[in-house]
Amino acid sequence: MSAFEADDWARTQAMPTDEEIRRLRRLIDRVTADLDDLTTEDRAQIEQAVTLARRGRTVHLGMPRVGQPLPDVRPPRNHLP
């Protein structure tokens, strides 16, 4: 397979189908309509849950944090000849 054919294959596989896009748009429309019917309290609870989920997601998607090496607090050894 040439590089150009591989690019076409990858692009085709990466793109959602038109049907998948339509299904997602219908789902988004349904959720948006349902959100409009919620009480203020319910909406606030959902916003809080979304905030927590996003906060947790950003922690996992970032680069792993590497801690600083701990200082050596042991006293130096005196070597006897």
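1. Arginine 22 and glutamate 19 lie 3 residues apart in helix 2, and are therefore separated by about one helical turn. In this predicted model, the two side chains form a salt bridge, with the closest N and O atoms 3.1 Å apart.

2. Glutamate 19 has a second partner: its side chain also meets that of arginine 26 in a salt bridge, at 3.7 Å from N to O. Both distances can be checked against the cut-off, because a salt bridge requires a side-chain nitrogen of Lys or Arg within 4 Å of a carboxyl oxygen of Asp or Glu.

3. Glu19, Arg22 and Arg26 are thus to be read as a network of salt bridges. The structure holds 2 salt bridges.

4. How exposed are the members of this network? Glutamate 19 has 34% relative accessibility and counts as partly exposed. Arginine 22, at 43%, is also partly exposed, and arginine 26 is partly exposed with a relative accessible area of 48%. The class follows because partly exposed covers the range between the buried limit, under 20%, and the exposed limit, over 50%.

5. Helix 2 also contributes to a nonpolar surface patch. The patch is made by Leu24, Leu27, Ile28, Val31, Leu35, Ile46 and Val50, and has an area of about 550 Å². Helix 2 (18-36) and helix 3 (40-61) each supply at least two of the patch residues. The largest share, 5 residues, comes from helix 2.

6. Leucine 27 may serve as an example from the patch. This residue is found in helix 2. Its relative accessibility is 39%, so leucine 27 counts as partly exposed. That value is compatible with patch membership, because patch residues need over 30% relative accessible area and no salt bridge.

7. On the chain as a whole, the secondary structure comes to 3 helices and 0 strands. From the N terminus on, the order of elements is α-α-α.

8. What percentage of the 81 residues of the chain count as buried? The figure is 0%; the class applies under 20% relative accessible area. The accessible surface of the chain comes to about 8,600 Å², and carbon and sulfur atoms hold 58% of this surface.

9. To sum up for helix 2: arginine 22 and glutamate 19 are both placed there, as is leucine 27, and the helix gives the nonpolar patch its largest share of residues.

Note on methods:
Residues numbered from 1 in each chain as written. Predicted model: local features only at pLDDT ≥ 70, side-chain atom pairs only at ≥ 80, totals over all residues. Heavy atoms only, no water. Patch = residues over 30% accessible without salt bridge, like charges linked within 9 Å, V, L, I, M, F, W, Y side chains within 5 Å. Areas by Shrake-Rupley, 256 points an atom, 1.4 Å probe, with all protein chains shown as cover. Helix = DSSP H or I, 4+ residues; strand = E, 2+ residues; numbered from the N terminus. Buried < 20%, exposed > 50% of the residue type's maximum accessible area, 1.4 Å probe, protein only.
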